2 protein chains.
Amino acid sequence: MDFVGSVVSGVAALTQTMEDGRTQMVGLLLPSDFAGRPGRDSAAYDVVATTDLVMCCFRKKPFEKMMAETPHIAQRLLQMTLDELDAAREWMLVLGRKTAREKIASLLTIIARRDASLQLHGMAGTLKFTLPLTREAMADYLGLTLETVSRQISALKRDKVIFLEGKRIITIPNFTRLLEEAGDDNDGGMLA
Amino acid sequence: MDFVGSVVSGVAALTQTMEDGRTQMVGLLLPSDFAGRPGRDSAAYDVVATTDLVMCCFRKKPFEKMMAETPHIAQRLLQMTLDELDAAREWMLVLGRKTAREKIASLLTIIARRDASLQLHGMAGTLKFTLPLTREAMADYLGLTLETVSRQISALKRDKVIFLEGKRIITIPNFTRLLEEAGDDNDGGMLA
DNA sequence: CGTATTATTGACCACTTTCAAAGTGAGTGG
DNA sequence: CCACTCACTTTGAAAGTGGTCAATAATACG
C-alpha cells in the first residue's frame, strides 16, 4: 500500500484471516472514511471493496511530507485515528458480548446512521437504505456464520423490526425499536 | 479524566458495560502503555486498575499545549494510537473467530510477550510469569464466562501446554506450542 | 434459458453458558 | 495459633445458542 485516501462512494472492508481460512472484518470503510497508515509501510490487513468503490487517493510519501509540514493535519489525523479506535472498541463489545440477534441489529444501526448522515436526513420516521454487504460479509463482520445472519434477518423481519425489498433494501419503521434490539437502549441523542 | 499518563507498574483495564451488566474489556494497559485522549474530554470507557498500579501522569491541558508546540510529540502519539488500533483489531479477530481454548492461549501469548520484553529476555526456553488478571477479568477480556476460562485453563494444564503454581503463576515450557494453540501458527519472528 | 452466485431453511450437533455446589487460600480476630 | 470468613476458583450437570452439513430457492449473468 503506497497510497492513503478516503472513500468517496461505495464500501470497502478491512479483514484479517487465519491460516485455516476463518476471517474477521476489523473495519468497515464507508463514504468519508479514511484509509491508510501514514508512517507505516506494512499493510496489516487486507482491504477489499465490497461494492463498486471510488476513492480519493494520495501517494503516501508526499502526503507524509505535507503532514510533517502542517501540524494541523497531524492533529486532524490523530483525531480520526482516535475515532477509529473508539469504533473498533465499540465493535469489541458487539463481538464479545452480544447475541446473534443483537449483533445484526447493531450492524443495521451503524449502517442506518451512516446512511442518514450521508443523505443529510435525521433518524426520525422510517429509514430506508441498501445493504452494502453480502450475508457472508456481514457474517465476517459480526463473527457469525452466514446461515446465522440469514436466520436472524428473517427473525427480525418476522418480528416486524425491519422490512425487506429483495435481499438488499431494508426499511426500518422504528429506529428506537432497532436500538432496543441492539441492546443499545440508549440512543446517544442521535435522533435529531 | 483530566489526566493523561503512562503505566509504570501494575495493570489497568479499559472496559465497556451494557445496561444489563454485560461487560467487555476493550483494552489492557500494561507497563509502558499510554492512557488518555489528548483533545478529547469525554471518557469513553471505564478505566479500572486490576492490580496495584503506578502511573506517571500529566495534566491534560499542559500536555496538549506541549503537543501543539512540539510536532514530534503529536507524531509519536499518532504512532502509538495506530499501535493501539492494531492491537484492538487483532483482538477483534480473537473475539469474533477463535474458540475458547484459542482465546485463552492468545491472551497468555500476549501477556508472555509483554512480560518478556519488560524483563528483557527473549521468548526461547521456558517462560514464567504472574497472571495480572482474575479469571473474571480474563473472561471480560475474552468475551467468555469465568467458568469457561477456568475450564480451559484446566484443560491447557492437563495437556501440559502450561503449568500452574497456585492460581496465578504460569510456566510455559514451549512457547511455540502455545502459539499453535492460539491458532497463531506464525510466531511473528518474536522468538529472538 | 441455463449456469453460477447468493440466500434461505431444516435437522442435528457441539461448544459455551447457566445454575449449582464444593474447594482453595489469604487475611482477620478471637 | 487456629478457626472463620470472604473472595476467588474449580468442577459438574443440564440447557441453549449458534455452528455444521445439506437441500432448496431466488437472483444475476452470460
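**Exercise 1. The nonpolar cores**

Task: Find the residues with the most contacts inside the largest nonpolar core, and state how many residues that core has.

Solution. The largest nonpolar core has 96 residues. L108(A), I172(A) and L108(B) have the most contacts inside it. A second core, separate from this one, has 16 residues. Among its members are A74(A), L77(A), L82(A) and L82(B). The model used here and below is a predicted one.

Next, take I172(A) and list what it touches, leaving out residues up to four places away in sequence. Its partners are A112(A), G125(A), T126(A), L127(A), F129(A), V161(A), I162(A) and L178(A).

**Exercise 2. Relating the two chains**

Task: Determine what turn and what shift lay chain B on chain A, and name the resulting relation.

Solution. Start with the superposition. A turn of 180° brings chain B onto chain A, and the shift along the axis is 0.0 Å. The RMSD is 0.0 Å. This is therefore the relation of a two-fold axis. Now check the contact surface. Both copies use the same one: 100% of the contact residues of chain B recur in chain A.

**Exercise 3. The interface between the chains**

Task: Describe the contact of chain B and chain A by residues, buried area and salt bridges.

Solution. First, the residues. Chain B gives 48 residues to the contact, and chain A gives 48 residues. Second, the area. The two chains bury about 4300 Å² between them. Of this, 53% lies on carbon and sulfur atoms. Third, the main contributors on chain B. R89(B), M92(B) and R97(B) supply 19% of the area that chain B buries against chain A, more than any other three residues.

Fourth, the charges. Eight salt bridges are found across the interface of chain B and chain A. The side chains of E84(A) and R89(B) form a salt bridge, with N to O at 2.9 Å. R89(B) thus appears twice: in this salt bridge, and among the three residues that supply 19% of the area chain B buries.

**Exercise 4. The two domains of chain A**

Task: Give the bounds of the domains of chain A, then describe how domain 1 of chain A meets domain 2 of chain A.

Solution. Begin with the division. In chain A, domain 1 covers 3-93 and domain 2 covers 99-182. Their centres, taken over C-alpha atoms, are separated by 24 Å. Then count the contact. It joins 12 residues of domain 1 of chain A to 11 residues of domain 2 of chain A.

Move to the area. The two domains of chain A bury about 1200 Å² between them, with 68% of it on carbon and sulfur atoms. M25(A), L28(A) and W91(A) supply 47% of the area that domain 1 of chain A buries against domain 2 of chain A, more than any other three residues. Finish with the charges. The count between these domains is one salt bridge. D33(A) and R114(A) meet through their side chains in a salt bridge of 3.4 Å, N to O.

**Exercise 5. Cysteines without disulfides**

Task: Explain why C57(A) and C56(B) form no bond to their closest cysteine sulfurs.

Solution. Over all chains, the structure holds zero disulfides. The cut-off is a pair of cysteine sulfur atoms within 2.5 Å. For C57(A), the closest cysteine sulfur is in C56(A), 6.9 Å away, so it is too far for a bond. C57(A) is partly exposed, at 43% relative accessibility.

Repeat this in chain B. The sulfur of C56(B) lies 6.9 Å from the closest cysteine sulfur, that of C57(B), again too far for a bond. C56(B) is partly exposed, at 36% relative accessibility.

**Exercise 6. Salt bridges over the whole structure**

Task: How many salt bridges are found over all chains? Work through two in chain B.

Solution. The whole structure has 25 salt bridges over all chains. Take D20(B) and R22(B): their side chains meet at 3.0 Å, N to O. D20(B) is exposed, at 51% relative accessible area. R22(B) is partly exposed, at 23%. Now take D184(B). Its salt bridge is with K98(B), where the closest N and O atoms are 3.2 Å apart.

How values were computed:
Residues numbered from 1 in each chain as written. Chains lettered and ligands numbered in written order. Predicted model: local features only at pLDDT ≥ 70, side-chain atom pairs only at ≥ 80, totals over all residues. Heavy atoms only, no water. Core = buried A, V, L, I, M, F, W, Y, C linked by side-chain atoms within 4.5 Å. Buried < 20%, exposed > 50% of the residue type's maximum accessible area, 1.4 Å probe, protein only. Contact = heavy atoms within 4.5 Å. Least-squares fit on C-alpha atoms with pLDDT ≥ 70 in both. Domains from an automatic or database assignment. Buried area = accessible area lost by both parts, 1.4 Å probe. Salt bridge = Lys/Arg side-chain N within 4 Å of Asp/Glu carboxyl O.
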